[in-house]
Amino acid sequence: MAARTSRSARSGSSTETATLLKAAPPASSRQSTALSAFTATKSSPAGLSRTPLHRPGDHLPEPGRPRSTRHQLLSTRTPRSADTGTRTCRRRAASPSRSRALLDFRTGAPPGRLAAVLGDGLPSPRTIAAVRAAVTSEVLSRHVARISGIEPLVEGKPLKVRSRDASAADNARVVEALARRFEDLGLTVRLHPFRWRGHRLLNVEAEHRVPGAESTVLITAHMDSTAANGDFVDADGDPRPYDPAVDPAPGADDDGSGTAAVMAAAECLRGLLDDGREPTRNVRFVLFNAEEQGLVGSKFYARAAAAAGDRIAGVFQMDMIAGRQQGSSPVVEIHAGSLVPGPVVSASDALGERVARTVPVIDSGVTVQQLTGPADPAAGRSDHASFHERGWAAVAVSEDLFSTPDGDPGTGTRQYHTPGDTLLDPDHNPEFAATVARSVIATALAFAGL
Ligand SMILES: [Zn+2]
């Protein structure tokens, strides 16, 4: 997840109205989840962020955050009385700007009953089973260990990754290792070069193409890391700035966790294909570079995809999915919010709905927070935003990164952008990561026709 910009931090000094749509946990009846809406007032959107998301060194360009607030769309969904699906409620934000829609959705319904309630669109039991088998906490941890320096990057070779920062030498080594792994899975691998501040960087793309398919589903994360929020000292013990070329930036959670999930998704697809199953859409895995520098790699990628005439049905980005403080109850955030108005808003909301409905099938004990609208605190801050800018539906799924409008802090990692973001950090929870990854991957594969 990229840092908040100084501009967005400053621009939020006015009073903010946030709307919270809350679904009470279902009691006895699975059909009667009641929605209540209320508003909360914030003095500053900085209060939405639990972690110090702005530092003087941050320089994420903000792609055209609208000053106007007229197109606010809050969308949520609540189960209806029969098994005919769901009802969508749309409301306009009262006033002024920057409302935040938050759906707190918890259900205890067993998977079978839930499927009956929610109707089509959920992954099939067969796909769920395949995802559960392929996407485990052990698999994810293994991938994270390799790319964050706990284990050698390549088995049998000594190198352990120190940093995946766009300025670090290991960045290219990780790109190569991940590309090799995709190739081993029989996928068509392409490297997308681009330049950033004198560095030649690469996005990694791996695709399974389906003859006759008319569109493509993307499962994505960012492979680079940063430790720009860390405390560093020079030889005299005096504070000094982060040196991205040499300082350690393990990025186990940000976004080693999402990268691991994308690799596991590719391994899962390989297994499904080997079982004779075939999607109806192309499935593409993309690992973006230089996300932390302002979504640089994904902006390049989305621009190139648009120029090539790609038809992208939806983008499922996973960015920071392993953070869960010990003792906290599990909460996943689904970010569909966009700084770009237009049809992309509702299309992204629809993708978010799909993920939200899959989560309780994977684990009924997880609370889902759906965030949408331009005041979604992740709007413009992960690679899904680069696709919004091109008009494509995209969501970013994360741990409980942001505090709620009423001030409850998030329960995600406390090592955001520090050298302490390691696999060994107590806030790094591979089981939670597996729950999130399974939910997103099953949704994406189902969306691709599996
Ligand atoms: Zn980040």
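A network of salt bridges links Arg190, Glu205, Glu207, Arg209, Arg284 and Asp310. The model is predicted, and it holds 14 salt bridges. This briefing covers charged pairs, helices 5 and 6, aromatic pairs and Asn203.

**Salt bridges**

- Side chains of opposite charge can pair when their charged atoms come close.
- Within the network, the side chains of Arg284 and Glu205 meet in a salt bridge with an N to O distance of 3.8 Å. Arg284 belongs to strand 11 and Glu205 to strand 7, so this pair ties together parts that are 79 residues apart in sequence.
- Arg284 counts as buried because its relative accessibility is 3%, and Glu205 is likewise buried, with a relative accessible area of 1%.
- Arg173 and Asp170 form a salt bridge whose closest N and O atoms are 2.5 Å apart. These two residues are three residues apart in helix 5, so about one helical turn separates them. Arg173 counts as partly exposed at 39% relative accessibility, whereas Asp170 counts as buried at 7%.
- Arg270 forms a salt bridge with Asp274, with the closest N and O atoms 3.0 Å apart. Both residues lie in helix 6, four residues apart, which is about one turn of the helix. Arg270 is partly exposed at 25% relative accessibility, while Asp274 is exposed, with a relative accessible area of 55%.

**Helices 5 and 6**

- Helix 5 comprises the 15 residues 170-184; at 1.5 Å a residue it should span 21 Å, and its end C-alpha atoms are 21 Å apart, which agrees.
- The buried residues of helix 5 are Asp170, Asn171, Val174, Val175, Ala177, Leu178, Ala179 and Phe182. They pack against helix 4 (137-147), strand 6 (188-196), strand 7 (199-208), helix 6 (252-274) and strand 11 (282-288).
- Gly186, which follows helix 5, has a positive phi, near 80 degrees.
- Helix 6 has 23 residues and an expected span of 33 Å at 1.5 Å a residue; its end C-alpha atoms are 30 Å apart, which agrees.
- Of the 23 residues of helix 6, 20 are buried, so the helix is largely enclosed by the rest of the structure.
- Gly276 follows helix 6, and its phi is positive, near 90 degrees.

**Aromatic pairs and a charge over a ring**

- There are eight aromatic pairs. One of them is the stacked pair of Phe182 and Phe285, at 6.2 Å centre to centre and with 20 degrees between the planes. Phe182 lies in helix 5 and Phe285 in strand 11, so the pair ties together parts that are 103 residues apart in sequence.
- Phe182 counts as buried at 0% relative accessibility, and Phe285 is buried, with a relative accessible area of 0%.
- The ring centres of Tyr301 and Phe387 are 6.2 Å apart and the planes stand at 55 degrees, so this pair is tilted. Tyr301 lies in helix 7 (residues 296-307) and Phe387 in helix 9 (residues 384-388), so the pair ties together parts that are 86 residues apart in sequence.
- Tyr301 and Phe387 are both buried. Together with Phe288 and Trp392, they form one aromatic cluster.
- Arg281 lies over the face of Phe447, 4.5 Å from the ring centre.

**Asn203**

- Asn203 is placed in strand 7 and counts as buried because its relative accessibility is 0%.
- A polar atom of the Asn203 side chain lies 2.9 Å from the backbone nitrogen of Asn289.
- Leaving aside neighbours within four places in sequence, the contacts of Asn203 include Arg190, Phe288 and Tyr301.

Terms used: Residues numbered from 1 in each chain as written. Predicted model: local features only at pLDDT ≥ 70, side-chain atom pairs only at ≥ 80, totals over all residues. Heavy atoms only, no water. Expected span 1.5 Å × (residues − 1). Buried < 20%, exposed > 50% of the residue type's maximum accessible area, 1.4 Å probe, protein only. Contact = heavy atoms within 4.5 Å. Polar contact = N/O pair within 3.5 Å; in protein donor to acceptor, adjacent residues only side chain to side chain. Phe/Tyr/Trp six-rings, centres within 6.5 Å; stacked < 30°, edge-to-face > 60°. Lys NZ or Arg CZ within 6 Å of the ring centre and 35° of its normal. Salt bridge = Lys/Arg side-chain N within 4 Å of Asp/Glu carboxyl O.
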